[in-house]
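I opened this notebook to record what I looked up in the model, going from the overall fold to the ligand shell and then to a single residue.

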Amino acid sequence: MAPPMSAILFRRFLARPLQVAYVLPSSKALIKRVLEHIDFSGTKTLVEFGGGEGCYTREIVKRLGPDSRLLVFELDPQLAEHLRKQFRDDPRVLIYQSDAAHFRDELQKLGVANADYVISGIPFSYIETRTKREILHAVHEGLSAEGLFLVYQVTMELKGHARMFAACEVEYFLANIPPMFVLAFHKTGLTLRKPRGRKVKKQRREPAAA
Ligand SMILES: C[S@@+](CC[C@H](N)C(=O)[O-])C[C@H]1O[C@@H](n2cnc3c(N)ncnc32)[C@H](O)[C@@H]1O
């Protein structure tokens, strides 16, 4: 169940423990679970915060449509370079060695008003409250009306700071070392899923007028 150790993630964790936060990349099962929230059909703009050694990025690009794009923000220069090398032949993937807080500036430079999804693995628990809230406001502003902010974290403390979102679905996911909360923040109520197990009543069709 444990994912293979990544030498570069381990080295960068030793160099910057509070920024990198984990020694193991996310498990395949966790990545699959997070990405299940995403509708990859059509042209989409996705943003990833904290690409790390690329475990999510690799899975996202497998599902990404030909006209979609993925902007990846990774603060650590060595990890950003490692990501650039992996995706240099894929024009859909843009790697920024930059703070995730600046993602809207980069969207603007591309002439894109909003992202459809923002996926984050950055350790919010270690970020001071003011900065954390600034990032949350920027994500809320930078998402389309049907946008989702997907976060995987060891705690769910972020939920308490994210009151600007219409709703948050929370799942505690055990198949990862360490277990993680998967938080899906909905910008508006448009994307809320029907409660599981409840039958949806079908609309009765009126016969077409002659
Ligand atoms: C826990 S690792 C996640 C790596 C990978 N996504 C995974 O799931 O294995 C967090 C990553 O976020 C990066 N990071 C932390 N704060 C960041 C920020 N403000 N902007 C961009 N990247 C950041 C770290 O350098 C690190 O690579």
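I took helices (H or I, at least four residues) and strands (E, at least two) as DSSP runs, numbered from the N terminus. By that count the protein chain has 7 helices and 7 strands, and along the sequence they follow the pattern α-α-α-β-α-β-α-β-α-β-α-β-β-β.

I noted that this is a predicted model, in which local features need pLDDT of at least 70 and side-chain atom pairs count only at pLDDT 80 or more, while totals for chains, interfaces and linings use all residues. Residues are numbered from 1 along each chain as its sequence is written.

Next I looked up the ligand, taking a residue as near if its C-beta atom, placed from the backbone, lies within 6 Å of it. The shell holds 22 residues, the closest being Pro25, Ser26, Gly50, Gly52 and Ala100, and helix H2 (17–20) and helix H4 (55–63) each supply at least two residues of this shell.

I then turned to Leu79, which sits in helix H5 (residues 77–87). Why does Leu79 count as buried? Leu79 has 25 other C-beta atoms within 10 Å, and a residue is buried if 20 or more lie within that distance of its own C-beta atom, with C-beta atoms placed from the backbone. Leaving aside neighbours within four places in sequence, I found Leu79 in contact (C-beta atoms, placed from the backbone, within 7 Å) with Ile8, Arg12, Gly51, Gly52, Glu53 and Glu74.

Last, I listed the buried residues of H4, which are Cys55, Tyr56, Thr57 and Ile60.

Note on methods: Buried ≥ 20, exposed ≤ 12 C-beta atoms within 10 Å, placed from the backbone. Contact = placed C-beta atoms within 7 Å.
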